[in-house]
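Visitor: Could you take me on a close look at the place where the two domains meet? I'd like to go through it piece by piece.

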Amino acid sequence: MRGITIRPATPADAAGITAVHCSHVRAWRRGGRGEVVPYDTLSPYEQWLHGGPWMNGETCAAYLERWLRAGHLALVALRGETIVGEAEFVEDDEPWPYGCVLHVSLLFVHADYTGQGVGRALVEAGAELARARGCEALTTQPESEAEPFYRRVGFEPWLWLREWQAPAREHPLPDRPVRDDDAPYPWGSGLALRVGRYQTGRHMWHELAERPLPELAQLPWGRWRARLPGGERVWLGLRAQPLAPSQADGFVWAPPQADLRPAVEMLQTLAARLGFAYVDLLLEEPDGRDLAAALGLEFQTDVTFWRRELK
Ligand SMILES: CC(C)(COP(=O)(O)OP(=O)(O)OC[C@H]1O[C@@H](n2cnc3c(N)ncnc32)[C@H](O)[C@@H]1OP(=O)(O)O)[C@@H](O)C(=O)NCCC(=O)NCCS
């Protein structure tokens with residue numbers, strides 16, 4: 001792409017990356033939702049509420065350092081010396097049908113530089129990285145506004161998911177879950193992220209443990225290993241939602257064919273024990289609908305995973 005260079009990002013790029021992300025915020029609000037105020041009057045946590053760690057140069061640098069140390073990838077696009085776009089990627093290898101993929105976990109182009117081929121250049125650079133690593137596809141979970149862009153650069157909808165809300169409540173458990181917050185990602189162990197697939201299994205494993213600011217570090221979360229009644233090993237995860245801390249997001253890494261009902265009941269039980277009122281469960285269609293009906297869960301929202309096969 002003429003005039004655009006792409007290179008790996010480093011934490012030293014944080015100020016430029018923060019400018020890219022902040023360019024899409026129309027108004028900075030007190031507490032993320034209140035009155036409109038100047039950016040500089042907000043705390044780093046209030047800035048975070050507008051879109052995550054990229055909204056502040058310091059939290060962005062620390063976040064990127066952890067991201068790269070964990071073995072994930074990040075690219076920046078430049079016009080001259082100016083950073084005009086950023087993309088982050090996670091390589092993952094989950095059992096069929098997910099496979100070995102490079103997942104585009106984030107892609108932003110500075111608002112002043114959209115429509116000039118920057119986004120496409122970052123996707124193509126990601127495709128080159130993916131091929132070099134032997135991945136079979138790129139995947140992503142786009143915001144609905146970005147779906148036309150992803151279609152233009154070769155992605156198609158691939159996986160349909162629905163978020164449901166379950167009450168936290170005790171069930172008789174088939175196994176006693178063992179808490180293990182520090183365990184490394186069980187890469188290549190035949191487990192797939194089957195509940196909470198907002199991104200891929202490895203991405204959500206990383207994100208569950210991300211505590212970039214004191215206000216987030218104090219929110220309850222946890223990761224447990226357990227066995228299903230059939231003996232299959234699973235991992236369970238819970239984390240509080242920052243703006244609704246009585247609600248948790250729930251995660252289950254399990255073999256592709258395992259019955260999820262006992263895992264979901266374990267999550268409900270763990271959520272009750274951690275003091276949550278509800279746990280949100282993102283389940284794949286169409287099976288998730290049956291489970292939701294069986295457990296009487298309340299529909300929240302739809303999410304779609306997109307995929308581009310690599311030749
Ligand atoms: C979505 C985004 C990354 C696109 O980047 P970009 O640099 O503007 O896109 P490009 O100029 O490379 O466009 C590539 C193709 O997609 C098309 N496209 C881009 N945005 C589009 C849109 N909103 N609707 C329809 N087509 C679009 C372009 O016309 C172009 O088509 P062509 O090459 O066939 O002419 C950028 O607009 C952005 O950062 N948006 C805000 C953040 C965001 O939504 N990120 C994605 C989060 S999942």
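Guide: Sure! In this predicted model, 20 residues of domain 1 are in contact with 17 residues of domain 2. Domain 1 covers residues 5–140, and domain 2 covers 160–306. If you take the C-alpha centres of domain 1 and domain 2, they lie 25 Å apart.

Now look at the side of domain 1 that touches domain 2. Several elements each supply at least two residues there: the helices α2 (44–48) and α3 (57–69), plus the strands β3 (82–94), β4 and β5 (137–140). The largest share comes from β3, with 4 residues. Sort the residues on that side of domain 1 by class and you get 12 nonpolar, 5 polar and 3 charged.

Let's stay with α3 for a moment, since it also meets α1 (residues 14–22): the axes of α1 and α3 come within 8 Å and cross at roughly 115°. Because of that angle, α1 counts as roughly perpendicular to α3. The crossing of α1 past α3 is right-handed. From α1, the contact uses Ala-14, Ala-15, Ile-17 and Thr-18, while α3 brings Gly-57, Cys-60, Ala-61 and Leu-64. In this contact of α1 with α3 you'll find 6 nonpolar residues, 2 polar ones and no charged ones.

And β4? That strand spans 99–109, and along with α4 (118–132) and α5 (147–152) it supplies at least two residues of the shell around the ligand. Of the 19 residues around the ligand, those that come nearest are Thr-114, Gly-119, Arg-120, Pro-148 and Arg-152. By class, the ligand's shell has 9 nonpolar, 6 polar and 4 charged residues.

Notes:
Residues numbered from 1 in each chain as written. Predicted model: local features only at pLDDT ≥ 70, side-chain atom pairs only at ≥ 80, totals over all residues. Near = placed C-beta within 6 Å. Nonpolar A, V, L, I, M, F, W, Y, C, P; charged D, E, K, R; others polar. Domains from an automatic or database assignment. Contact = placed C-beta atoms within 7 Å. Axes fitted to C-alpha atoms, helices over the stretch in contact; angles between N-to-C directions. Parallel < 35°, antiparallel > 145°, perpendicular 65-115°, else oblique. Left-handed = near helix turned anticlockwise from the far one by under 90°.
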